[in-house]
Protein chains: 2
Amino acid sequence: MNAQTDAVGSDIKGYMRGLGEQARQAGRDVARAETGVRNRALEATADAIYARRQQIKDANDKDMEAGRSNGLDSALLDRLQLTDARMGAMAEGLRQIAALPDPVGAIRDMSSRPSGIQVGRMRVPLGVVGIVYESRPNVTADAAALCLKSGNAAILRGGSEAIHSNQAIAACIGEGLLVADLPETAVQVVATTDREAVGELITMDDYVDVLVPRGGKGLITRIMEGATVPMIKHLEGVCHVYLDSDANPDKAQRVAINAKTQRYGTCNTMETLLIHETVAPELLPAVADALAEHGVSLRGCPVSRDLCARVGEASDADWDSEYLAPELAVRVVADLDQAIEHIEAHSSRHTDAIVTENWSKAQRFLREVDSSSVMVNASTRFADGFEYGLGAEIGVSTDKLHARGPVGLEGLTSEKFVVLGNGHIRE
Amino acid sequence: MNAQTDAVGSDIKGYMRGLGEQARQAGRDVARAETGVRNRALEATADAIYARRQQIKDANDKDMEAGRSNGLDSALLDRLQLTDARMGAMAEGLRQIAALPDPVGAIRDMSSRPSGIQVGRMRVPLGVVGIVYESRPNVTADAAALCLKSGNAAILRGGSEAIHSNQAIAACIGEGLLVADLPETAVQVVATTDREAVGELITMDDYVDVLVPRGGKGLITRIMEGATVPMIKHLEGVCHVYLDSDANPDKAQRVAINAKTQRYGTCNTMETLLIHETVAPELLPAVADALAEHGVSLRGCPVSRDLCARVGEASDADWDSEYLAPELAVRVVADLDQAIEHIEAHSSRHTDAIVTENWSKAQRFLREVDSSSVMVNASTRFADGFEYGLGAEIGVSTDKLHARGPVGLEGLTSEKFVVLGNGHIRE
């Protein structure tokens with residue numbers, strides 16, 4: 001038990017439900033606050049991050065020290081560290097979210113019905129958003145800002161290794177809320193590293209309207225198993241690029257190489273390349289050579305191995321692997337149908353792309369592939385809230401209901417019906 | 001075990017998973033089918049219902065007979081019965097759904113991004129819809145039609161008391177699918193009354209994308225407890241009408257009386273009337289008299305009882321009661337804030353209305369009341385998919401995510417991103 005947990009006490013359930021009750025109440029105030037008030041809170045938080053940068057740095061040093069002595073690997077330590085540049089980016093991110101259009105209160109499709117009433121849909125906040133995330137402390141500021149901008153209260157549960165950094169950032173958010181005359185409880189960072197707190201958060205259906213876990217597949221799976229609160233979640237990205245017989249060879253190479261090598265650790269990176277058998281003899285060796293220059297190793301089907309010595313043997317598990325690394329599975333297919341069948345069987349329904357000049361095949365691919373993003377002649381790496389023009393991204397959803405694909409502010413809202421009458425009654 | 005169950009055998013889990021697998025496969029064919037093909041299936045089903053009306057009648061007689069000998073009450077027997085008029089309405093309903101615009105494939109917000117790609121959203125079917133419903137056999141045709149129209153496959157589980165009627169209607173749907181050259185397995189009616197079948201259906205996450213239970217609160221609660229598949233559900237309608245100090249008295253009376261008396265058993269019927277204290281002395285007795293003429297009995301707060309002898313005593317439970325009967329709770333409130341607080345505490349977030357001529361108060365009510373439908377100067381009875389112009393209604397959702405309020409065909413679809421490039425890569 002550390003200092004933070006002492007402050008919370010041993011009744012974790014009571015503590016968490018207290019946060020929930022306060023969040024529910026504060027959420028009403030945030031939902032009712034005008035656009036300018038919510039924006040002011042974000043801008044004042046950015047100011048506070050600058051003003052308190054030394055305190056944040058000190059808190060982060062504590063976490064870094066503990067991380068080192070707990071043997072965190074260098075990648076995790078790097079993600080944990082808050083440099084001046086990273087704090088600057090955090091503050092800038094807050095200002096950018098403040099500058100986005102306000103989704104709350106927008107009314108669409110207001111129309112008159114034969115009965116005389118007018119009916120439309122108004123966009124409204126969900127209420128309280130629960131965020132569970134891992135080591136990167138900048139998520140604290142980013143997630144809080146997205147929740148406030150969309151009119152919601154937030155309960156944030158960061159990784160235990162970042163608890164001091166997260167608390168220091170939370171203090172800045174509290175200051176920002178105070179400046180804007182919003183309740184400080186509109187954003188609450190869980191002040192204990194006890195795991196029971198997560199278990200409580202993800203089952204407080206009466207206080208939390210939606211959960212957004214941000215982290216690796218392990219974190220998401222653990223939360224999925226226990227959660228009763230609905231989630232906006234992203235499990236994994238097993239993304240495909242299919243090079244069709246009618247692909248332009250230059251575009252095919254450019255897209256395939258970018259989709260694999262532009263970044264390896266991202267969920268929209270290609271993990272399996274499918275190539276039509278008529279173009280594979282020419283295209284596969286060329287693509288494999290280019291990928292080899294990037295240090296990417298290939299594992300493929302027997303036909304692909306016959307065509308190219310660079311391709312090693314793929315096992316069944318390769319077709320479902322999210323490598324997040326310079327590795328790629330390759331399969332030669334007989335036609336578009338076989339490509340779509342492969343994608344149906346193995347895609348995580350995140351993002352899949354076709355490269356073709358054939359209009360009908362492009363249309364079929366767009367229509368028939370059931371993934372959150374389907375692309376023609378473009379790199380899967382474009383599947384991203386910023387690239388799509390959403391302005392911000394709370395995550396990517398591989399679910400079908402509510403939000404699908406990159407999720408912006410809209411994903412943290414819903415629509416209610418508004419009905420305007422003049423004493424109208426139903427006959 | 002009856003004849004139906006015999007046909008299924010004792011391996012209910014295996015049987016249900018078989019249905020699921022077939023539905024998943026058939027769902028792909030339905031999703032890819034052109035608009036005209038899906039419409040033809042619905043029209044051919046309507047024709048088959050007419051052609052086979054005697055067989056349906058015979059099957060329904062069997063259910064009615066069994067119902068009588070099992071002691072079903074007259075209301076349930078009435079709901080179970082299929083008259084010529086009801087079969088005609090069922091066929092007509094199918095033709096109306098066929099005539100609705102096709103939601104599938106619609107693309108919105110296609111726009112060019114600075115990177116050069118074009119990004120838009122395409123509306124697509126969810127895949128497989130599971131419907132669990134109670135005695136009314138016409139739901140079999142109606143729900144199947146909504147699923148097919150929106151490009152989904154369906155697995156239907158009706159009440160055991162209607163199993164022969166449902167199977168007879170299912171045969172007509174099968175004929176309709178055959179005429180349109182769609183797989184008969186696109187709509188499957190569970191051929192066993194074993195309860196284990198429901199337990200399996202609501203947990204087959206890999207085969208069922210969404211559940212739509214249609215029935216009373218008891219059915220929904222039972223399903224909620226066991227379901228792992230996401231649901232579009234409606235728990236109850238504890239709807240409020242608030243008569244403000246600035247209400248026009250004629251509109252106030254008209255709306256209040258219609259909201260309570262136009263039908264008693266519907267979820268959008270007013271169950272609690274709130275009246276501002278300055279207008280209560282005049283309005284409450286007048287409204288109470290009019291309601292008394294309809295045979296509605298009132299239970300209220302102490303102030304309301306002082307103002308009107310017709311008002312009996314309300315217990316705490318009354319504020320949360322969905323009477324579905326000629327009963328009404330009444331409370332006199334000090335102001336709009338207290339009205340909104342009451343609604344926050346007791347509303348089921350279905351539909352709530354204000355009657356007022358005051359612009360600011362109307363705006364506050366619309367913005368601050370967190371219900372799926374919020375109304376100004378209109379009867380809560382308007383909360384309905386047909387009245388809202390959705391063309392059809394699969395149900396009413398009191399959830400916040402995915403679909404909220406009356407749910408039309410759109411609720412059975414989601415949107416995926418489509419990205420169009422010309423060999424574009426991410427820099």
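This is a short tour of a predicted model, with a suggestion at each stop for what to select next.

**Stop 1: a helix in chain A.** Start by selecting residues 35-51 of chain A, which form helix α3. Its 17 residues reach 25 Å from the first C-alpha to the last, close to the 24 Å expected at 1.5 Å a residue. Now colour the buried ones: R38(A), N39(A), A41(A), L42(A), A44(A), T45(A), A46(A), A48(A) and I49(A). What covers them? Bring up α2 (12-32), α4 (53-69), α6 (84-99), α7 (138-149) and α8 (163-179) of chain A, which are among the elements doing the covering.

**Stop 2: a strand in chain A.** Next, select residues 327-333 of chain A, strand β11. This strand is mostly covered, with six of its seven residues buried. Add strand β8, residues 270-276 of chain A: it runs parallel to β11(A), and five bridges join the two. To find your place along that pairing, look for L274(A), which stands opposite R331(A). Then add strand β9, residues 297-300 of chain A, also parallel to β11(A) and joined to it by four bridges. Here L298(A) has L328(A) as its bridge partner.

**Stop 3: where the chains touch.** Show both chains together. How many residues does each one bring to the contact? Chain A gives 55 and chain B gives 55. On the chain A side, the elements that supply two or more residues are β2 (118-125), α11 (249-261), α15 (359-368), β13 (373-378) and β16 (413-424). Pick out β16(A), since the largest share of that side, 11 residues, comes from there. If you colour chain A's side by class, you'll get 20 nonpolar, 19 polar and 16 charged residues.

Keep β16(A) on screen and add strand β13 of chain B, residues 373-378. These two strands pair across the chains in the parallel sense, over five bridges. Zoom in on V419(A) and you'll see M375(B) opposite it.

**Stop 4: two helices in chain B.** Finish by selecting helix α7 (residues 138-149) and helix α8 (residues 163-179) of chain B. Their axes come within 8 Å and cross at roughly 35°, and the crossing is right-handed. Which residues meet there? From α7(B) come T140(B), A141(B) and A144(B), and from α8(B) come N166(B), I169(B), A170(B) and I173(B). Sorted by class, this contact has five nonpolar residues, two polar ones and no charged ones.

Key:
Residues numbered from 1 in each chain as written. Chains lettered and ligands numbered in written order. Predicted model: local features only at pLDDT ≥ 70, side-chain atom pairs only at ≥ 80, totals over all residues. Expected span 1.5 Å × (residues − 1). Buried ≥ 20, exposed ≤ 12 C-beta atoms within 10 Å, placed from the backbone. Contact = placed C-beta atoms within 7 Å. Nonpolar A, V, L, I, M, F, W, Y, C, P; charged D, E, K, R; others polar. Pairing = 2+ DSSP bridges. Axes fitted to C-alpha atoms, helices over the stretch in contact; angles between N-to-C directions. Left-handed = near helix turned anticlockwise from the far one by under 90°.
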